[in-house]
Amino acid sequence: MQKPDTVLAHAGRSPEDHSGMVNTPVFRTSTVIFPTIEEYETHRDISQKPVSYGRHGTPTTFAFEDAVAKLEGAHQAVALPNGLSAIVVALLAVLKPGQHLLMPDSAYSPARGFCDRRLVPLGIEVEYYDPLIGGGIAKLLRENTGAVFCESPGSLTFEMQDIPAIAAAAHARDIPVLADNTWVTPYFASPFELGIDISIHAGTKYIGGHSDLMIGVVTTNERYWKPVRQTVYDYGYSVSPDDCYQALRGLRTIGVRLKQQMQNALKVARWLEAQPEVSRVLFPALESDPGHALWKRDYRGASGLFSVVFKAIDDAAVARFANALKLFGIGSSWGGFESLITVVHAAAYRTATRWQPEGPAVRLHIGLEDPDDLIADLKHGLQELVADRAGANG
Ligand SMILES: *Cc1c(COP(=O)(O)O)cnc(C)c1O
């Protein structure tokens, strides 16, 4: 088997089919025409990815999907318009009315929204579970459990899940395991070897990698490919070939970007950990993180996204800290080349567990800037925070 960096350079392209061009071009089409009716009729099985109609994908779409599938060790992949629609498709592909779904309490909150507002009215019972449950999930499995969903580490709070233990329990009852693997990316993990059946990525993040693209992708093992592909067909999702082209262009460099971003993030996280205003840094790649052993066992690396819990300070102090930063943009999403900060609001929506940090928390995305400059910027932010606090007390 080729190593991930080699796969990244070669997967999803066939110059011999495109006049020698290194990259698969952007194919824009709705209609595809055939020389005979007989030939047209042989292009019906969408699970085989025929070039048959624009909505079902073009060579550009398939090049992107093929590269992601090869990188992650999947049977097949399908592109979706964004990460949330990838979650929606994966869940709808396996669940039926009357079934029970297990969702981690740390799941990406719009995924919770879809479950609570859309799946529940369809007659699916959604139960949230402690993301740290591990093999204990066996006790929550029921006769009618239709899927176990995982997200490791969890959104905002970064709990690592024991995926192999969860998958072993679910598979003992023939229940599929789905995982949102956006944080670890297809580059740093082989989810199918860990026991995941359907893997979900917000390609908007590191696959696109340049904060200019919305895309999602679902990859599956052989068993779940047809139901996933059929669900995409039935709900009518399609992705423009231009977006697939950009996503594949981003994917080519995910290895070099991620290795650098992980290194930068570790340097910044270690510095933050040592600051008196900081209580904890939630980043599984840090030795101090409770999920470090699982991270090391199951993943090959970490992305540059983590949260920082402050000691007990008021929210206004956190806002002063964030507002003082010059190199960290304030805004949603992550995975681009640039650093970002948002305030973490993770306590309000939890239902199965309580998240009670010592103080307020922020989520940082560490980009490709020089980490020393990022540290200098954060140091300045902390000085503002402390200076103002001393002023308020004095
Ligand atoms: C951003 C994100 C998504 C959704 O991706 P979009 O492309 O914004 O729809 C899903 N899961 C996780 C973990 C994310 O961070």
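Where is the place of Cys115? Cys115 sits in helix 5. Let me start there and work outwards. One caution before that: this is a predicted model.

So, Cys115. Is Cys115 buried or exposed? Cys115 is buried, because its relative accessible area is 0%, and buried means under 20%. Look at its contacts. Leaving out residues up to four places away in sequence, Cys115 touches Leu91, Leu101, Met103, Val120, Val126 and Tyr128. Now follow the chain 10 residues along, to Glu125. The C-alpha atoms of Cys115 and Glu125 are separated by 8.9 Å.

Leu91, one of those contacts, takes us to helix 4. Helix 4 covers residues 83-94, which makes 12 residues. The end C-alpha atoms are 18 Å apart. At 1.5 Å a residue, the expected span is 16 Å, so the two agree. How many of the residues of helix 4 are buried? The count is 11 of 12, so helix 4 is mostly covered. Among the buried ones are Gly83, Ser85, Ile87, Leu91 and Val94.

Next, helix 3. Helix 3 has 14 residues. From its first C-alpha to its last it reaches 20 Å, close to the 20 Å expected at 1.5 Å a residue. Of its 14 residues, 11 are buried, so helix 3 is largely enclosed by the rest of the structure. Those buried residues include Thr60, Phe62, Phe64, Glu65 and Leu71. What do they pack against? The partners are helix 1, strand 1, helix 7, strand 6, strand 7 and helix 9. Just after helix 3 comes Gly73, with a positive phi of about 75°.

Stay with Phe64 for a moment. Not counting residues up to four places away in sequence, Phe64 touches Ala79, Ile207, Ile215, Val217, Cys244, Ala247 and Leu248. Phe64 also belongs to the largest nonpolar core, which has 92 residues. Phe64 is among those with the most contacts inside that core, along with Val148, Trp183, Leu272, Phe283, Phe306 and Leu364. Which helix gives the most to this core? Helix 10, residues 254-273, with 9 residues. Apart from this core lies another, of 32 residues, among them Leu92, Leu95, Leu101 and Phe149. As background, nonpolar side chains tend to be buried together in soluble globular proteins.

Now the empty spaces. The count comes to 1 cavity of 30 Å³ or more. The space in the largest cavity is about 120 Å³. Its lining has 15 residues, and the closest to its centre are Arg55, His56, Thr61, Glu65 and Val78. Helix 3 returns here. It supplies the largest share of that lining, 3 residues. Strand 1 and helix 8 each supply at least two. By type, the lining of the largest cavity divides into 6 nonpolar, 5 polar and 4 charged residues.

On to the pockets. The largest pocket holds about 610 Å³ of space. Its lining has 31 residues, and nearest its centre lie Tyr108, Lys205, Ser333, Trp334 and Arg363. Helix 4, helix 5, strand 6 and strand 11 each give two or more residues to that lining. The lining of the largest pocket splits into 15 nonpolar, 12 polar and 4 charged residues.

The second largest pocket has a volume of about 390 Å³. It is lined by 21 residues, with Leu132, Thr157, Glu159, Arg280 and Pro290 nearest its centre. Strand 8, residues 278-282, gives the most to this lining, with 4 residues. The split is 9 nonpolar, 5 polar and 7 charged.

Last, the backbone. A general rule first: most residues other than glycine have a negative phi, and most peptide bonds are trans. Against that background, look at the loop between strand 4 and helix 6. Pro153 is in this loop. A cis peptide bond joins Ser152 and Pro153, with omega about -5°. Phe158 is in the loop between strand 4 and helix 6 too. Phe158 is not a glycine, yet its phi is positive, about 65°. Phe158 is buried, at 3% relative accessible area.

One more positive phi. Asp174, in the loop between helix 6 and strand 5, has a phi of about 60° and is not a glycine. Is Asp174 buried or partly exposed? Asp174 counts as partly exposed, at 49% relative accessibility.

That's the tour.

Methods:
Residues are numbered from 1 along each chain as its sequence is written. This is a predicted model: local features need pLDDT of at least 70, side-chain atom pairs count only at pLDDT 80 or more; totals for chains, interfaces and linings use all residues. Side-chain values use heavy atoms; hydrogens and water are left out. On a 1 Å grid over the protein atoms alone, a cavity is a set of points where a 1.4 Å probe fits but cannot get out, and a pocket is an open set with protein on both sides within 12 Å along at least five of seven lines; lining residues have an atom within 4 Å of a point. Grid points are joined across faces, edges and corners, and a volume is the space filled by probe spheres set on the points. Ala, Val, Leu, Ile, Met, Phe, Trp, Tyr, Cys and Pro count as nonpolar, Asp, Glu, Lys and Arg as charged, and the others, Gly among them, as polar. A nonpolar core is a set of buried Ala, Val, Leu, Ile, Met, Phe, Trp, Tyr and Cys residues joined through side-chain atoms within 4.5 Å. Buried means under 20% relative accessible area, exposed over 50%, partly exposed in between (1.4 Å probe, protein chains only). Contact means heavy atoms within 4.5 Å. The expected span of a helix is 1.5 Å times one less than its number of residues.
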